Every structure is written in C-alpha cells, then in structure tokens.
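Thank you all for coming; I would like to walk through one model this morning, beginning with its interior and then turning to one of its pockets. Please have a look at it first.

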Amino acid sequence: MTATPTATPWLVLLNGLPGVGKSTLAAAWAARRPGTLNLDIDVVRGLISGPPRDTAAPARALGLAMAVEHLRGGHDVVVPQLVARTDQVGRFARAAEAASARLVHVLVEAPPEAVAERVLADAAPHRRDLGPDLVAAYTAGLADVARTRALLRLVNDDVADAVVRLDALVGPA
C-alpha cells in the first residue's frame, strides 16, 4: 500500500531527556500514520563509522537532509531526539521551512521513577556515559530550549495515551 501524501506535512521533533520514551512514542505514532519517516538520529549515527565523538554532527546533517527530502514528498517525519541546544532546534525549524512543512516541537516528559527504570533496563550504547552530571547538563539545556523556543509539553506516562494526545496536537493523518 502506498501512503498518500498529506497536504502540508509535519516535522515532529520529540525532544526530552534519555529514557522518557521518545523513541517508543515515535514508533507508535508513525505506525498510525502510513508513510511517516521515524527518523532516529542515533540509528543514523550508528551507520557512520568512526569514534562516537566524530559521528554526531554528520548524523544530524544527514538526518535533516533525509527529513527535508521526505517532507518534500508530502510525508510526515517524526524525530525522537534529545536537543538541548537552541541552535540545534533552529536547524529543525529551517528544515521544515525548506520543505514547506509545519514543525511541532514537543517536549516529552515522564515521571522520574519511570525514566530511571527505563535507563537501567536499556543498555543502549548512547547511554553508556549517562551519569548525574550529564543528566543535569541536559536538563539545564532543555530548560534553555523551553525558554527560547515555542514548544508543547507531553507527559509520556502511558504510550497509547501519549500517542492519542500527540495526534490531538498534530491532527489526523
């Protein structure tokens, strides 16, 4: 089945701390919207050879180029990604503009105990160095982003309910 392009596609940035459920929410939301690209920058990063410190910037650039191309085809893109710097959020806005798409920036939050449990249970490579200092830095960066950029907040206490609330924010497929 070929997905029908939407009139004006959405670029949905699901932002938030590690373990809040951004990737799970993105996968569930994309599954309800045929043709949606679930663009996990960490997956793209894993496709680039080299030390981790050298793969972040090219993965972001490649990911945004992929997003623009997919949006130009009339299809939605959802990006589950921690973006704790305002200049990086601006790159998403420029990508949406370049593709004549709408950007919605959603700060995904979850109860602290749920986040701690998820992080412990998940052995994701990008979380290996995730300690209290790094979490504090990310939290401060997200607070700056929230102060300087328009965004919507979504509590991910239950994935099915969060997907319904995200649909309500963006609208039907």
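**Cores and a pocket**

The largest nonpolar core, meaning a set of buried Ala, Val, Leu, Ile, Met, Phe, Trp, Tyr and Cys residues joined through side-chain atoms within 4.5 Å, where buried is under 20% relative accessible area with a 1.4 Å probe and protein chains only, has 20 residues, and Leu11, Leu39, Leu71, Val77, Val79 and Phe92 have the most contacts inside it. Two or more residues each come from strand E1 (10-15), helix H2 (41-46), helix H3 (56-72), strand E3 (77-80) and helix H4 (86-98), these being DSSP runs, of H or I and at least four residues for helices and of E and at least two for strands, numbered from the N terminus. H3 gives the most, with 5 residues.

I should say that this is a predicted model, in which local features need pLDDT of at least 70 and side-chain atom pairs count only at pLDDT 80 or more, while totals for chains, interfaces and linings use all residues. Residues are numbered from 1 along each chain as its sequence is written, and side-chain values use heavy atoms, without hydrogens and water.

Which residues does Phe92 contact, leaving aside its neighbours within four places in sequence? With contact meaning heavy atoms within 4.5 Å, they are Leu11, Leu13, Leu64, Val79, Val83 and Leu103. A second, separate core of 19 residues includes Leu25, Val106, Ala110 and Val170.

Turning to the second largest pocket, its lining (residues with an atom within 4 Å of a point of the pocket) comprises 13 residues, with Leu17, Leu107, Glu109, Thr139 and Leu142 nearest the centre. The largest share of that lining, 4 residues, comes from H6.

Key
On a 1 Å grid over the protein atoms alone, a cavity is a set of points where a 1.4 Å probe fits but cannot get out, and a pocket is an open set with protein on both sides within 12 Å along at least five of seven lines; lining residues have an atom within 4 Å of a point. Buried means under 20% relative accessible area, exposed over 50%, partly exposed in between (1.4 Å probe, protein chains only).
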